[in-house]
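Q: I should like to learn how to read backbone and cysteine features in a model. Could we work through them in turn?

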Amino acid sequence: MGTKLSVSLEGANSPEVAPRVDRPPTFDPQYGFERPRKVREMKATWEEMEQWKLKPAQRDYCAHHLISLMKCQTQNAPFAGHACDGERGAWDKCEYEDHISRIKEFERERRLLQRQARKEAVSA
């Protein structure tokens with residue numbers, strides 16, 4: 001709750017060090033890492049997502065888990081509650097890890113922007 005407020009206040013007070021979430025990162029994703037980072041890739045195809053009528057918000061890196069959950073629910077209907085616990089857990093875990101990775105990327109971008117602003121202030 002407080003993080004969202006502090007981030008929005010920071011964006012209003014000093015927009016030059018606040019990352020934009022509607023744009024790609026401004027820094028190289030490999031910057032600061034010794035070994036190359038693993039590139040994230042979609043495992044579900046657009047055709048599969050269209051076939052299962054996923055909403056735009058559900059078309060993320062965890063869509064393949066959601067599709068397997070939906071398959072399980074249709075196969076085990078109307079008693080899909082306990083039969084699909086494994087698929088539900090896998091999808092929830094993937095969504096959680098995706099959320100955490102987005103938070104980490106936001107923080108990395110914010111800290112690199114602050115570092116860049118400090119370096120520019122020292123050189124000026």
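Q: In which loop does Pro78 lie, and what is the geometry of the peptide bond from Ala77 to Pro78?

A: Most peptide bonds are trans. In this predicted model, the bond that leads from Ala77 into Pro78 is cis, its omega being near 0°. Pro78 belongs to the loop between helix 3 (63-75) and helix 4 (80-83).

Q: What is the sign of phi at Lys53, and is Lys53 buried or exposed?

A: Most residues other than glycine have a negative phi. Lys53 is not a glycine, yet its phi is positive, at about 55°. Lys53 sits in the loop between helix 2 (46-51) and helix 3. Its relative accessibility is 70%, so Lys53 counts as exposed, the cut-off being over 50%.

Q: How many disulfides does the structure hold, and how are the bonded cysteines paired in sequence order?

A: A disulfide is recognised where two cysteine sulfur atoms lie within 2.5 Å. The structure holds two, and the pairing is 1-4, 2-3. One joins Cys62 to Cys94, with an S to S distance of 2.1 Å. Because Cys62 is in the loop between helix 2 and helix 3 while Cys94 is in helix 5 (residues 85-123), this pair ties together parts 32 residues apart in sequence. Both Cys62 and Cys94 are buried.

Q: What is the handedness of the disulfide between Cys72 and Cys84, and why?

A: The torsion about its S-S bond is about -95°, so the Cys72 and Cys84 disulfide is left-handed. The pair links Cys72 in helix 3 with Cys84 in the loop between helix 4 and helix 5, 12 residues apart. Cys72 is buried at 7% relative accessible area, and Cys84 is buried at 2%.

How values were computed:
Residues are numbered from 1 along each chain as its sequence is written. This is a predicted model: local features need pLDDT of at least 70, side-chain atom pairs count only at pLDDT 80 or more; totals for chains, interfaces and linings use all residues. Side-chain values use heavy atoms; hydrogens and water are left out. Helices (H or I, at least four residues) and strands (E, at least two) are DSSP runs, numbered from the N terminus. Buried means under 20% relative accessible area, exposed over 50%, partly exposed in between (1.4 Å probe, protein chains only).
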